[in-house]
Amino acid sequence: MNMRKVFKQMLATVAAGAMSMAMVMPVFAEDIKTVQKEAWISKTYNTEVAKAETFSFTATQKNGDGLVSTEALPTMPTISFAEADKGTTTKRAEVGFPTYTEAGKYEYTVTENQTATPAVTNGEHEKMIMSKAEYKMDVYVENTSTGCQIANIIVNKAKDDKGETETGKVNISNTDKNGFKFTNTYVQEAGTGDKPSK
């Protein structure tokens with residue numbers, strides 16, 4: 001084989017490699033873009049009357065094959081609404097993560113506590129419709145030169161606000177695109193409550 005043919009084959013190989021990289025790079029860039037090292041929860045509160053409430057959440061750590069069994073629980077936020085927050089109001093709060101001491105995958109089930117503060121007793125004239133949404137939060141921890149650090153957080157929806165099965169990855173950023181969301185609605189019959197004349 002002469003040098004010209006060898007050179008042509010080398011050029012063809014390099015071109016093929018470049019094309020392959022061009023196809024892979026956008027996917028790689030997208031993967032980097034979706035890496036999250038913090039998580040925010042959204043709470044949407046619907047009320048047509050002045051009703052200040054505080055809502056809270058629970059993260060339950062799961063154990064099993066491929067999961068770190070060492071207990072490491074996140075600090076879940078509370079989200080409060082004032083009497084002035086009438087209509088539909090959405091607020092966000094950040095999940096606090098512990099100082100991890102072991103690398104690996106941690107899995108949590110995140111739900112809303114089913115009692116608001118102050119508590120509302122569902123009755124004939126008022127009702128608080130609590131969210132039954134459920135999410136699976138996976139936290140990937142890696143060893144670094146400065147110790148264990150969060151490498152990525154992925155949250156998938158397991159149930160919607162009605163408690164019905166729903167799947168899909170959700171946005172956990174501190175933006176309006178956030179889908180790590182729980183929605184509650186307070187309803188009160190007209191002519192009842194603290195100010196029946198209204």
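What follows is a conversation between a biologist and a modeller about the structure shown above.

Biologist: What should a newcomer know about how this model is treated?

Modeller: This is a predicted model, in which local features need pLDDT of at least 70 and side-chain atom pairs count only at pLDDT 80 or more, while totals for chains, interfaces and linings use all residues. Residues are numbered from 1 along each chain as its sequence is written, and side-chain values use heavy atoms, with hydrogens and water left out.

Biologist: How many helices and strands are there in the protein chain, and what makes a run of residues count as one or the other?

Modeller: Both are DSSP runs numbered from the N terminus, a helix being H or I over at least four residues and a strand being E over at least two. By that rule the protein chain has one helix and nine strands, and from the N terminus on the order is α-β-β-β-β-β-β-β-β-β.

Biologist: What makes S2 and S3 a pair of strands?

Modeller: Two strands pair if DSSP finds at least two bridges between them. Strand S2 (residues 53–62) and strand S3 (residues 78–81) have four bridges in the antiparallel sense, so the condition is met; within this pairing, Phe55 stands opposite Ile79 in S3. On the same rule S2 also pairs with strand S5 (residues 104–112), again in the antiparallel sense, over six bridges, and Gln61 has Tyr108 of S5 as its bridge partner.

Biologist: Which strands form the open sheet with antiparallel pairing, and why are S3 and S8 called its edge strands?

Modeller: Five strands form this open sheet in the order S3-S2-S5-S7-S8, and S3 and S8 are the edge strands, each pairing on one side only. Neighbouring strands of this sheet are turned by 25 degrees against each other on average, direction ignored, where the axes are lines fitted to C-alpha atoms (for helices over the stretch in contact) and angles run from 0 to 180 degrees between N-to-C directions. S7 and S8 pair in the antiparallel sense over 11 bridges, and Tyr135 has Lys157 in S8 as its bridge partner.

Biologist: Which strands form the sheet with mixed pairing?

Modeller: Four strands form that open sheet, in the order S4-S1-S9-S6. Its edge strands are strand S4 (87–94) and strand S6 (126–129), each of which pairs on one side only, and the twist averages 15 degrees from one strand to the next. Four bridges join S6 to S9, which run antiparallel, and the bridge partner of Glu126 in S9 is Gln188.

Biologist: Why is Glu107 called buried?

Modeller: Buried means under 20% relative accessible area, exposed means over 50%, and partly exposed lies in between (1.4 Å probe, protein chains only). Glu107 has 10% relative accessibility, so Glu107 counts as buried. Glu107 is found in strand S5, and, leaving aside neighbours within four places in sequence, its contacts (heavy atoms within 4.5 Å) include Thr60, Gln61, Lys136 and Asp138. Of the 198 residues of the protein chain, 31% count as buried.

Biologist: What makes a group of residues a nonpolar core, and which residues have the most contacts inside the largest one?

Modeller: A nonpolar core is a set of buried Ala, Val, Leu, Ile, Met, Phe, Trp, Tyr and Cys residues joined through side-chain atoms within 4.5 Å. The largest such core has 35 residues, and those with the most contacts inside it are Ile41, Tyr100, Val110, Val139 and Phe180. The elements that give two or more residues to this core include strand S1 (40–47), strand S7 (134–144), strand S8 (147–159) and strand S9 (181–188). Leaving aside neighbours within four places in sequence, Phe180 is in contact with residues including Trp40, Ile41, Val110 and Tyr135.

Biologist: Why is the aromatic pair of Tyr45 and Phe81 called tilted?

Modeller: Rings of Phe, Tyr and Trp (its six-membered ring) pair if their centres lie within 6.5 Å, and planes under 30 degrees apart count as stacked, over 60 as edge-to-face and the rest as tilted. The centres of Tyr45 and Phe81 are 5.1 Å apart and the planes stand at 50 degrees, so the pair is tilted. This pair links distant parts of the chain, with Tyr45 in strand S1 and Phe81 in strand S3, 36 residues apart, and both residues are buried. Tyr100 and Tyr106 also form a tilted pair, at 4.5 Å centre to centre and 50 degrees between the planes, and both of these are buried.

Biologist: How many aromatic pairs does the rule give, and which residues do ring pairs link into a cluster?

Modeller: The count comes to eight aromatic pairs, and ring pairs link Phe57, Tyr135, Phe180 and Phe182 into a cluster.
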